[in-house]
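Work through the exercises below with the sequence and the 3D structure open beside you, and try each task before you read its solution.

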Amino acid sequence: MPRFFTENISGDTALITGPDARHIGRVLRMAVGENIVLCDLKGLDYHCQIESIQKDAVSCRILSTCPSVGEPDCQVTLYQAFPKGDKMDFIIQKAVELGVSRVVPVLTRRCVARPDPKAMTGKLARFSRIALEAAKQSGRGRIPQVGELVDFDSAVKMAALDPLSLFFYEGGGRPLSQLLSPQVRSLSLFVGSEGGFDPEEVDLAAKAGLIPVTLGPRILRCETAPVCALSVIMYATGNL
């Protein structure tokens with residue numbers, strides 16, 4: 001069943017406007033009386049029936065409401081060291097599909113790509129579109145936020161506020177399975193770029209309380225590591 005996001009919900013009526021409304025009428029060619037699922041971006045799904053279709057607006061009657069089954073109950077923030085090329089596009093798309101709550105790009109010492117503020121503005125707009133489309137495709141109940149590019153020190157301070165903060169380090173650490181359980185409801189994870197982390201960064205993270213963890217004896221690419229880590233986290237917390 002087609003699924004869209006909207007915040008225009010009042011009483012037993014929901015309204016879809018803009019590109020999504022045009023997509024419903026012109027591309028999907030849906031008709032009055034057909035059913036559709038809307039999400040309020042807060043984790044609730046609304047099963048609706050289309051009542052009217054106009055050029056830039058689709059009005060729906062709400063039939064029932066339920067929690068979004070595609071939204072995990074474990075809040076995960078991914079602090080991803082900024083990779084080169086279009087790898088960040090892939091990471092954001094797959095992270096959203098797997099259930100990440102937020103992605104924060106991080107500039108580390110070994111990052112090859114170092115975008116200037118103007119370039120980063122354009123990239124963030126693209127990242128947000130990727131997150132939106134991935135959230136739609138995977139049946140999420142929220143659209144994960146992609147944050148501004150931050151330096152490593154700032155990212156560590158932010159992550160240290162989480163009850164559980166994991167630092168994925170190719171130099172070794174605790175097995176991930178030892179730190180996860182269905183009771184974990186909020187955590188942060190750090191993943192490096194192509195060159196990994198600088199030893200001083202590893203030391204700073206450890207002093208801030210982040211836990212070095214390993215994904216096994218194999219060295220994973222920077223775009224593979226977050227997919228692997230999120231898959232394990234969602235499985236261990238009962239969300240996969």
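**Exercise 1: The chain as a whole**

Among the contacts in the protein with a separation of 6 or more, 71% are made by residues 24 or more positions apart. The structure in front of you is a predicted model.

Task: State how many helices and strands the protein has, and what share of its residues count as buried.

Solution. Begin by going through the secondary structure, which comprises six helices and 14 strands. Then turn to burial, where 46% of the 240 residues count as buried. To finish, place the C-alpha atoms in a box along the principal axes, and this box comes to roughly 60 × 40 × 30 Å.

**Exercise 2: Strand E7 and its partners**

Task: Find out why strand E7 (residues 75-81) is described as largely enclosed by the rest of the structure, and with which strands E7 pairs in the parallel sense.

Solution. First consider burial, for which a residue must have under 20% relative accessible area. Six of the seven residues of E7 are buried, and therefore the strand is largely enclosed by the rest of the structure. Next look for the pairing with strand E13 (residues 186-191), which is parallel and runs over six bridges; within it, threonine 77 has serine 188 of E13 as its bridge partner. Then look for strand E8 (residues 102-107), with which E7 forms a parallel pairing over five bridges, and where valine 106 of E8 stands opposite alanine 81. Finally, follow the chain from E7 through helix H2 (residues 87-98) to E8, since these three elements make a right-handed β-α-β unit.

**Exercise 3: Two packed helices**

Task: Describe how H2 packs against helix H3 (residues 117-138), giving the angle and the distance between their axes.

Solution. Two packed helices are described by the angle and the distance between their axes. For H2 and H3 the angle is about 30°, and the axes lie 8 Å apart. The crossing of H2 and H3 is right-handed. Now list the residues that make the contact, among them Met88, Ile92 and Val96 of H2 together with Phe127, Ile130 and Ala134 of H3. Sorted by character, the residues of this contact are eight nonpolar, three polar and three charged.

**Exercise 4: One residue in its surroundings**

Task: Decide whether phenylalanine 168 is buried or exposed, and name residues that it touches.

Solution. Locate phenylalanine 168 in strand E11 (residues 165-168). Its relative accessible area is 6%, and because buried means under 20%, phenylalanine 168 is buried. Leaving aside residues up to four places away in sequence, phenylalanine 168 touches several residues, including Leu176, Leu189, Phe197 and Ala229.

Technical notes:
Residues numbered from 1 in each chain as written. Predicted model: local features only at pLDDT ≥ 70, side-chain atom pairs only at ≥ 80, totals over all residues. Heavy atoms only, no water. Buried < 20%, exposed > 50% of the residue type's maximum accessible area, 1.4 Å probe, protein only. Helix = DSSP H or I, 4+ residues; strand = E, 2+ residues; numbered from the N terminus. Pairing = 2+ DSSP bridges. Right-handed = clockwise from strand over helix to strand, strands pointing away. Axes fitted to C-alpha atoms, helices over the stretch in contact; angles between N-to-C directions. Left-handed = near helix turned anticlockwise from the far one by under 90°. Contact = heavy atoms within 4.5 Å. Nonpolar A, V, L, I, M, F, W, Y, C, P; charged D, E, K, R; others polar.
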